[in-house]
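User: I would like a close look at one part of this model, with the cut-offs behind each term. Please keep it to what the coordinates support.

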Amino acid sequence: MILHEYTREINSSKYPRLTARRIANDLNNKDYFNIYLVSFELGSKRYIIEKFEIRGMNRWNVTT
């Protein structure tokens, strides 16, 4: 899932790659269940942040 609320802030900055990495690192530190990745779209030449997966969902076997 692409997080569109950060796309404008990233791509309007002087160093979009560094800004995207900083935002993704902040999101990873605040949200313990999801992983956020920085991607570059070749067609539009912009950086985006994607929510990649939920941590631990495949690793834990929950039984009742």
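What follows is a request about the hairpin of β1 and β2, and then the reply. How do the two strands run relative to each other, and how many bridges join them? Which residues does Ile 49 in β2 touch?

Analyst: This is a predicted model, in which local features need pLDDT of at least 70 and side-chain atom pairs count only at pLDDT 80 or more, while totals for chains, interfaces and linings use all residues. Residues are numbered from 1 along each chain as its sequence is written, and side-chain values use heavy atoms, with hydrogens and water left out.

The setting comes first. The chain has 2 helices and 2 strands, arranged along the sequence as α-α-β-β. Helices (DSSP runs of H or I, at least four residues) and strands (runs of E, at least two) are numbered from the N terminus. The mean pLDDT, the predictor's confidence in each residue from 0 to 100, is 84 for the chain, and 84% of the residues score at least 70. Of the elements, β2 has the lowest mean, 86, and α2 the highest, 94.

β1 covers residues 34-41 and β2 covers 46-54. The strands run antiparallel and are joined by 7 bridges; two strands count as paired if DSSP finds at least two bridges between them. Glu 41 stands opposite Arg 46 of β2. The strands form a hairpin with 4 residues between them, and Lys 45 lies in that loop. Lys 45 has a phi near 55°, a positive value in a residue other than glycine. Most residues other than glycine have a negative phi. Lys 45 is exposed because its relative accessible area is 65%. Exposed means over 50%, buried under 20% and partly exposed in between, with a 1.4 Å probe and protein chains only.

Asn 34 is found in β1. At 11% relative accessibility, Asn 34 is counted as buried. The side chain of Asn 34 makes a polar contact with the side chain of Asp 31 at 2.8 Å. A polar contact is a pair of N or O atoms within 3.5 Å; within protein, one must be able to donate a hydrogen and the other to accept it, and residues adjacent in sequence count only if both atoms are side-chain atoms.

Ile 49, in β2, has a relative accessibility of 0% and therefore counts as buried. Leaving aside neighbours within four places in sequence, Ile 49 is in contact with Met 1, Ile 2, Leu 3, Tyr 6, Ile 10, Ala 20, Ile 23, Ala 24, Leu 27, Tyr 36 and Leu 37. Contact here means heavy atoms within 4.5 Å. One of these partners, Tyr 6, is 43 residues away along the chain, with a C-alpha separation of 7.4 Å from Ile 49. For the chain, 34% of the contacts between residues at least 6 apart in sequence join residues at least 24 apart.

Ile 49 also belongs to the largest nonpolar core, a set of 9 residues that further includes Leu 3, Ile 10, Ala 20, Ile 23, Ala 24, Leu 27, Tyr 36 and Tyr 47. α2 (16-30) and β2 each supply at least two residues of this core, and α2 gives the most, with 4. A nonpolar core is a set of buried Ala, Val, Leu, Ile, Met, Phe, Trp, Tyr and Cys residues joined through side-chain atoms within 4.5 Å. Beyond four places in sequence, Leu 3 is in contact with Leu 27, Tyr 36 and Ile 49.

The backbone oxygen of Leu 3 lies 3.5 Å from a polar atom of the Thr 7 side chain. Thr 7 lies in α1 and is buried, with a relative accessible area of 8%. Its contacts beyond four places in sequence are Arg 46, Tyr 47 and Ile 48. Glu 9, also found in α1 (residues 7-11), is partly exposed at 40%. Not counting residues up to four places away, Glu 9 touches Thr 19, Arg 22 and Ile 23. The C-alpha atoms of Glu 9 and Thr 19 are separated by 8.3 Å.

As for totals, buried residues make up 25% of the 64 residues in the chain. The chain exposes about 5300 Å², of which carbon and sulfur atoms supply 54%. Accessible areas come from the Shrake-Rupley method with a 1.4 Å probe, and for residues only the protein chains shown count as cover.
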